[in-house]
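The exercises below go with the sequence and structure shown here. Each task is followed by a solution in steps.

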Amino acid sequence: MSDAGQDAPGPLVRAVEATLFAADAPMTAKAISDHLGGAEVRGALATLAAHYAGRGVELVERGERWHFQT
């Protein structure tokens, strides 16, 4: 994800973001991948983690599970 004037996030990044926001519990990368039809999601997770770093909401990985936290 990026700031205005830069490239917009791709559909996979958006799909991973939406999946995590809609999840009722933290998810493993494999569970996210399975939910998205087997897509390789690690790059999208890294992109999202960098995008949200230092903001009011951050994407974090704990115990191999990803989730948004405030």
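Accessible areas come from the Shrake-Rupley method with a 1.4 Å probe, and for residues only the protein chains shown count as cover. The model is predicted: local features need pLDDT of at least 70, side-chain atom pairs count only at pLDDT 80 or more, and totals for chains, interfaces and linings use all residues. Residues are numbered from 1 along each chain as its sequence is written, and side-chain values use heavy atoms, with hydrogens and water left out.

**Exercise 1. Surface and interior**

State what area the protein chain exposes and what share of its residues is buried.

Step 1. About 4,300 Å² of the protein chain is exposed, and 51% of this area is supplied by carbon and sulfur atoms.
Step 2. Buried means under 20% relative accessible area, exposed over 50%, and partly exposed in between (1.4 Å probe, protein chains only).
Step 3. Of the 70 residues in the protein chain, 29% are buried.

**Exercise 2. Overall dimensions**

Compare the radius of gyration of the protein chain with that of a compact globule.

Step 1. The radius is taken over C-alpha atoms, and the globule rule is 2.2 Å times the number of residues to the power 0.38.
Step 2. For 70 residues the rule gives a value near 11 Å; the protein chain has 12 Å, which agrees.
Step 3. The C-alpha trace spans about 35 × 25 × 20 Å along its principal axes.

**Exercise 3. Order of the elements**

List the helices and strands along the sequence.

Step 1. Helices (H or I, at least four residues) and strands (E, at least two) are DSSP runs, numbered from the N terminus.
Step 2. The protein chain has three helices and three strands.
Step 3. Their pattern along the sequence is α-β-α-α-β-β.

**Exercise 4. The sheet**

Work out how the strands are arranged and paired.

Step 1. Two strands pair if DSSP finds at least two bridges between them.
Step 2. The three strands make an open antiparallel sheet, ordered S1-S3-S2. Strands S1 (27-28) and S2 (58-62) are the edges, each pairing on one side only.
Step 3. Five bridges link S2 with S3 (residues 65-69); Glu58 is partnered with Gln69, and Arg62 with Arg65.
Step 4. S1 and S3 are joined by two bridges, and Thr28 stands opposite Arg65.
Step 5. S2 and S3 form a hairpin with two residues between them, and Gly63 in the turn has a positive phi of about 60 degrees.

**Exercise 5. Two faces of S3**

Which residues of S3 lie on the covered face, and which on the uncovered one?

Step 1. In a regular strand the side chains alternate between the two faces of the sheet.
Step 2. Trp66 and Phe68 form the covered face of S3, while Arg65, His67 and Gln69 form the uncovered face.
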